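Q: Hi! Got a minute to walk through this one with me?

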Amino acid sequence: MPAATCRKSVRDALIALITLLLATVTVVTRGQASPQAISLSLGDYHFTPDSLEVQAGRPVVLTLTNTDTLTPHNFTLQDAATGLDIDIEVSAGSTSVIEFTPVKPGTYTFFCNKKLLFMKSHRERGMEGTLRVIPQAVD
C-alpha cells in the first residue's frame, strides 16, 4: 500500500473514531439530567417563595428550612394522578432535603398540614404555594 493511501486510511479511521467518541459523549450528557436545586423557607405561616417552577423529567433536590424557633411545619404535595406523594416534616429551626422527579407537566398545590386543636390549620392561615411543572426542554 502506498504511503499516501496509508496516511489517508489512518486519517479517515481517526476521524471516524473522534466522531464516534463525540457522539457517545453527547448521548451520555443528554441521558444524565442535572438536578434542579431549589431552596424553600417555611416560617410564620408562609412559604418563601410561594411559587416554584421545575422541569418535568429532571430530578429536583428541594431544601426546606424552617425559620421558626418553636413551630414545626411540613411540606405536603400530594397528587395521586401524577405520582407526587410528598409529606416531609421540618422541625423548628431545622432543614430537611427531599429528592423527587416530577413527570407530568401541570400546576400543583403544596401546603403545610399542621394544625393545633381548636385553631385554624397552617394551610387555612395561608401556608400554601404552587409548584409549576413545565414540559421537558427538547435539545
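A: Sure, happy to. Just keep in mind that this is a predicted model. One pairing to begin with: Ser41 stands opposite Thr48 in S2.

Q: Nice. How do strand S1 and S2 pair, parallel or antiparallel, and over how many bridges?
A: Strand S1, residues 36-43, pairs with S2 in the antiparallel sense, over three bridges.

Q: And what is the strand order in the open sheet?
A: The order is S2-S1-S4-S7, so to speak from one side to the other, in an open sheet of four strands with mixed pairing.

Q: Which are the edge strands?
A: Strand S2 (46-48) and strand S7 (95-100); each of them pairs on one side only. Neighbouring strands in this sheet are turned by 25° against each other on average, ignoring direction.

Q: Let's switch to the core. Which residues touch the most other members of the largest nonpolar core?
A: Leu62 and Phe75, out of the 24 residues in that core.

Q: Which elements give two or more residues to it?
A: Those are S1, strand S3 (51-55), strand S4 (60-66), S5, S6, S7, S8 and strand S9 (128-134). The largest share, four residues, comes from S6.

Q: Any general background on that?
A: In soluble globular proteins, nonpolar side chains tend to be buried together.

Q: Back to Phe75, then. What does Phe75 touch, not counting residues up to four places away in sequence?
A: Leu40, Phe47, Leu62, Leu64, Ile86, Asp87, Ile88, Phe110 and Phe111.

Q: Okay, new topic: where is Thr82?
A: Thr82 is in the loop between strand S5 (73-79) and strand S6 (84-90).

Q: Is Thr82 buried or exposed?
A: Thr82 counts as buried because its relative accessibility is 12%, and the cut-off for buried is under 20%.

Q: What does the side chain of Thr82 reach?
A: The backbone oxygen of Asp79, at 3.0 Å. Leaving aside neighbours within four places in sequence, Thr82 is also in contact with Val103, Lys104 and Tyr108.

Q: Last one: where does Gly106 sit?
A: Gly106 is in strand S8, which covers residues 106-111. With a relative accessible area of 24%, Gly106 is partly exposed, because that label covers values between 20% and 50%.

Q: How far apart are Gly106 and Arg132, in sequence and in space?
A: They are 26 residues apart in sequence and 5.9 Å apart in space, going C-alpha to C-alpha.

Q: And which residues is Gly106 in contact with, leaving aside its neighbours within four places in sequence?
A: Leu131, Arg132 and Val133.

Technical notes
Residues are numbered from 1 along each chain as its sequence is written. This is a predicted model: local features need pLDDT of at least 70, side-chain atom pairs count only at pLDDT 80 or more; totals for chains, interfaces and linings use all residues. Side-chain values use heavy atoms; hydrogens and water are left out. Two strands pair if DSSP finds at least two bridges between them. Axes are lines fitted to C-alpha atoms, for helices over the stretch in contact, and angles run from 0 to 180 degrees between N-to-C directions. Buried means under 20% relative accessible area, exposed over 50%, partly exposed in between (1.4 Å probe, protein chains only). Contact means heavy atoms within 4.5 Å. A polar contact is a pair of N or O atoms within 3.5 Å; within protein, one must be able to donate a hydrogen and the other to accept it, and residues adjacent in sequence count only if both atoms are side-chain atoms. A nonpolar core is a set of buried Ala, Val, Leu, Ile, Met, Phe, Trp, Tyr and Cys residues joined through side-chain atoms within 4.5 Å.
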